[in-house]
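Reader: I am new to this structure and would like to understand the words used to describe it. Could you take me through them with the reasons behind each?

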Amino acid sequence: MGIYDRDYYQQQQRPGLSLQGPSTAIGWLIAINIAIFIIDGLVGPPHHGDVSHALSLNTGVLTQPWLWWKFLTCGFAHASYPYYQHILFNMLGLFFLGRMVEQRYGRKEFLWFYMVTIVLGSVSWCVLNRIQGIPANVSLVGASGAITGVVMLFALNFPKQTILLFFVIPMPAWVLGVMIVLFNIFGTTGAGEPNVAYGVHLAGAGFALAYYQLRWNISRKVDRWMPKDLFRRRPNLRVHDPGNDYASNDGPSRAKLRQQAKDRRDEEEVDQILAKIHNEGEDSLTRKERRAMESAARRLRDRGRGE
C-alpha cells in the first residue's frame with residue numbers, strides 16, 4: 001500500500017462537496033467557542049449568559065472537587081452578548097498565530113498544550129484570589145490565558161516573524177512577546193482594568209516559556225500512562241487461504257513466506273509512524289521510529305532499482 005492510500009491522505013483528497021467538521025485543532029476550538037457564545041446569547045435573560053455562568057469558575061470551586069471540571073470549561077466561555085470584543089480578539093489571536101504553532105507541534109500536542117494552559121491558569125487564579133480574600137461571587141471566563149500561552153509559543157518558535165499589531169503596526173514576534181509580559185505585569189500592580197485576569201495571562205505565558213525551554217511533549221507523556229492498545233487502530237481483516245498450509249516445504253517457499261510476513265509487520269509499523277507524524281508532528285518521533293522510517297525509505301529505493 002502506497003503512502004497516498006493511507007486513510008488520512010484519502011480524507012484530504014475526496015472530491016466533491018461534503019459536510020465535514022474542521023480539520024485542525026484551531027478550527028475545532030474556534031467553532032466550540034463561537035457555538036457556546038451564540039447559545040449563551042439565545043438562552044436566558046439578556047446580558048446575563050446562563051451558559052457562560054454554568055461553565056464559569058469561582059474561588060469556591062477550589063474546595064469542591066466535584067466541580068473541578070470548571071477549571072477547563074471556563075476557558076470555553078466568554079462574556080455574553082453584546083460584549084463580543086472578548087471572544088473576538090481571543091479567536092482572532094488563536095486563528096492568526098495559532099495555526100503555525102499547531103503545524104509546528106502537531107494537532108494532538110497543540111490541543112493538549114491549549115487545555116493544560118487553561119487549567120493551570122484557572123488553578124493559579126483560584127489560589128491567588130483565595131489568598132487575597134476575593135469573594136466567591138467573582139467568576140472567571142475566557143480563553144485569554146491559553147491564547148496568551150499560544151502567542152508566547154509563537155514568539156518563541158518564530159521570533160523574527162513579522163506580525164501586524166492591531167493589523168497596522170509591523171513588528172517582530174519576539175517584541176510582541178515582551179510587550180505582552182510587561183503589559184500584564186503592569187496590570188497586576190492594580191493600574192490595569194479591574195475586570196481583566198492579568199495573573200491568568202502571566203500563568204499562560206510562564207507555562208509556554210517552560211514548555212519551550214524544557215522541550216516538553218505532553219501527548220507523549222499521556223500516551224505512556226494510557227494502555228497501549230486503547231486507541232491503536234486494529235489491522236485490516238485478512239482472508240486466510242487454506243491452500244497456503246499445503247505449500248511446498250522447500251527452502252525458498254518458506255523463506256518467501258517469512259519475508260512476506262516481515263514486510264507486513266514493517267508496513268504496519270510505518271502506518272503507525274505516519275499516523276503519529278500526522279497527528280503530533282515530526283518532532284514527536286523517537287530515535288527508534290526515525291530509524292524505522294529511514295530503513296523503510298531505503299527498502300523502497302532498493303525495490304525501485306530492482307524493478
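Author: In this predicted model, the buried residues of helix α5 include Ile87, Asn90, Met91, Leu94, Leu97, Val101 and Tyr105, and Gly93, Gly98 and Glu102 are also on that list.

Reader: What is the span of α5, and what is it set against?

Author: Helix α5 runs over residues 85-105, 21 residues in total, and from its first C-alpha to its last it reaches 29 Å, which is close to the 30 Å expected at 1.5 Å a residue. The helix nevertheless has a kink of about 50°, centred on Gly98, and just after α5 comes Gly106, with a positive phi of about 95°.

Reader: Why is Thr24 called partly exposed?

Author: Its relative accessibility is 32%, and since the term covers values between the 20% limit for buried and the 50% limit for exposed, Thr24 counts as partly exposed. Thr24 sits in the loop between α1 (7-13) and α2 (25-42), where a polar atom of its side chain lies 3.0 Å from the backbone nitrogen of Gly27. Leaving aside residues up to four places away in sequence, Thr24 touches Glu102 and Arg107, and Glu102 is one of the buried residues of α5.

Reader: What makes the pair of Trp68 and Phe71 tilted?

Author: Rings pair if their centres lie within 6.5 Å, and planes that are neither under 30 degrees nor over 60 degrees apart count as tilted. The centres of Trp68 and Phe71 are 6.4 Å apart and their planes stand at 40°, so this pair is tilted. As for their surroundings, Trp68 counts as partly exposed at 44% relative accessibility, whereas Phe71, at 8%, counts as buried.

Reader: Why, then, is the pair of Phe183 and Tyr198 called edge-to-face?

Author: Here the ring centres are 5.9 Å apart and the planes meet at 65°, and because an angle over 60 degrees counts as edge-to-face, the pair takes that name. Phe183 belongs to helix α8 (residues 173-191) and Tyr198 to helix α9 (residues 198-213), so the pair ties together parts that are 15 residues apart in sequence.

Reader: How do you know whether Phe183 and Tyr198 are buried or exposed?

Author: For Phe183 the relative accessible area is 52%, and as exposed means over 50%, Phe183 is exposed. Tyr198 has a relative accessible area of 7%, and because buried means under 20%, Tyr198 is buried.

Terms used
Residues numbered from 1 in each chain as written. Predicted model: local features only at pLDDT ≥ 70, side-chain atom pairs only at ≥ 80, totals over all residues. Heavy atoms only, no water. Helix = DSSP H or I, 4+ residues; strand = E, 2+ residues; numbered from the N terminus. Buried < 20%, exposed > 50% of the residue type's maximum accessible area, 1.4 Å probe, protein only. Contact = heavy atoms within 4.5 Å. Polar contact = N/O pair within 3.5 Å; in protein donor to acceptor, adjacent residues only side chain to side chain. Expected span 1.5 Å × (residues − 1). Bend = angle between axes of the 7 residues up to and from the residue. Phe/Tyr/Trp six-rings, centres within 6.5 Å; stacked < 30°, edge-to-face > 60°.
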